[in-house]
Every structure is written in structure tokens, then in C-alpha cells.
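Subject: Structure for you to look at, with notes

Dear colleague,

I am handing over the structure we spoke of, and my notes on it follow below. Please read them with the structure open beside you.

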Amino acid sequence: MQAIGFLIYFICGLWGLFLSFQIVDSVFGEGAAFLSLLVAPALLGIAPLYALFANGDWLPLAVTYGGGLIGAVFVGMAD
């Protein structure tokens, strides 16, 4: 079960990073999106919330934070 949990973390983390990068790119431009990967990763953490409140798009929030919660459940079941 623990391996499944870490796999969920990995897949949802990469998918959430991709979605957040697209959100930051569409709002601030490609240069700011690239800098947010290196300098300000908190901007990528806030991007799913921005997508929800500005566009009503639940997918980035569900993938980023929901995937983390589901992964934590599977990792916790391994103990």
C-alpha cells in the first residue's frame, strides 16, 4: 500500500506542477512561470486556488491537494 501511496504522490505532484505552470504562464507569462519554478515555488502552490476563484476550475485544486491527501491515506494504511 505504501508504494501505491508514493506512486499517487508522484503522479499527482507532476500533474499538479504541470497544471500550475500552465496557470502561471497564462497569467504572468512564460518568463515568470519559469522563475516561479526556481525562485518562488509558493506561486505554484497558490495557482490552483487562483484557478478555482478566478475561473471556477476545480481540476488543479483536486489534483494538487486531493492527490496529496489520497496519497497520505495510502501511505498511512501501510503502517
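The chain holds four helices and zero strands, so that, read along the sequence, its pattern is α-α-α-α. Please keep in mind throughout that this is a predicted model. Taken along the principal axes, the C-alpha atoms fill a box of roughly 45 × 25 × 15 Å, and of the 79 residues in the chain 27% are buried. If one takes the contacts between residues at least 6 apart in sequence, 58% of them join residues at least 24 apart.

Most of my notes concern helix H1 and its packing against the other helices, which I take in sequence order.

Helix H1 spans residues 2-28 and helix H2 spans residues 30-38, and the two pack at an angle of about 140° with their axes 7 Å apart. That angle makes H1 oblique to H2, because the roughly antiparallel class is kept for angles over 145 degrees. The crossing in which H1 passes H2 is right-handed. On the H1 side the residues that meet H2 are Leu17, Phe21, Val24, Asp25 and Phe28, and their counterparts in H2 are Glu30, Ala32, Ala33, Phe34, Ser36 and Leu37. Sorted by class, this contact comprises eight nonpolar residues, one polar residue and two charged residues.

Within H2, Ser36 deserves a separate look: its relative accessible area is 2%, and Ser36 therefore counts as buried, the limit being under 20%. Once residues up to four places away in sequence are set aside, Ser36 touches Val24, Pro41, Leu43 and Leu44.

Turning to helix H3, which covers residues 41-55, its axis and that of H1 lie 8 Å apart where the two helices pack, at an angle of about 80°. H1 and H3 are therefore roughly perpendicular to each other. The residues of H1 that take part are Leu17, Ser20, Phe21, Ile23, Val24, Val27 and Phe28, which meet Leu43, Leu44, Ala47, Pro48, Tyr50 and Ala51 of H3. By class, the contact of H1 with H3 has twelve nonpolar residues and one polar residue, with no charged residues.

The remaining partner in these notes is helix H4, residues 59-77, whose axis comes within 8 Å of that of H1 and crosses it at roughly 165°. H1 and H4 are therefore roughly antiparallel to each other, and their crossing is left-handed. H1 contributes Gln2, Ile4, Gly5, Phe6, Ile8, Tyr9, Cys12, Trp15, Gly16, Leu19, Ser20 and Ile23 to this contact, while H4 contributes Leu59, Pro60, Val63, Thr64, Gly67, Gly68, Ile70, Gly71, Ala72, Phe74 and Val75. In terms of class, the contact of H1 with H4 has 15 nonpolar and eight polar residues, and no charged residues.

Where does Ser20 sit, and what is it in contact with? Ser20 is placed in helix H1, and with a relative accessible area of 2% Ser20 is buried. Leaving aside neighbours within four places in sequence, Ser20 is in contact with Leu44, Ala47, Pro48 and Thr64. Ser20 is thus named both among the H1 residues that meet H3 and among those that make the contact with H4.

As for aromatic rings, the count comes to one pair. The ring centres of Phe6 and Tyr9 are 6.0 Å apart and their planes stand at 50°, so the pair is tilted. Both Phe6 and Tyr9 lie in helix H1, three residues apart, which is about one turn of the helix. Phe6 counts as partly exposed at 43% relative accessibility, and Tyr9, with a relative accessible area of 34%, is partly exposed as well. Phe6 and Tyr9 are also listed among the H1 residues in contact with H4.

One further residue of H1 is Ile11, which counts as partly exposed at 45% relative accessibility. Ile11 and Ala78 are 67 residues apart along the chain, and their C-alpha atoms are separated by 19 Å.

With best wishes

How values were computed. Residues numbered from 1 in each chain as written. Predicted model: local features only at pLDDT ≥ 70, side-chain atom pairs only at ≥ 80, totals over all residues. Heavy atoms only, no water. Axes fitted to C-alpha atoms, helices over the stretch in contact; angles between N-to-C directions. Parallel < 35°, antiparallel > 145°, perpendicular 65-115°, else oblique. Left-handed = near helix turned anticlockwise from the far one by under 90°. Contact = heavy atoms within 4.5 Å. Nonpolar A, V, L, I, M, F, W, Y, C, P; charged D, E, K, R; others polar. Buried < 20%, exposed > 50% of the residue type's maximum accessible area, 1.4 Å probe, protein only. Phe/Tyr/Trp six-rings, centres within 6.5 Å; stacked < 30°, edge-to-face > 60°.
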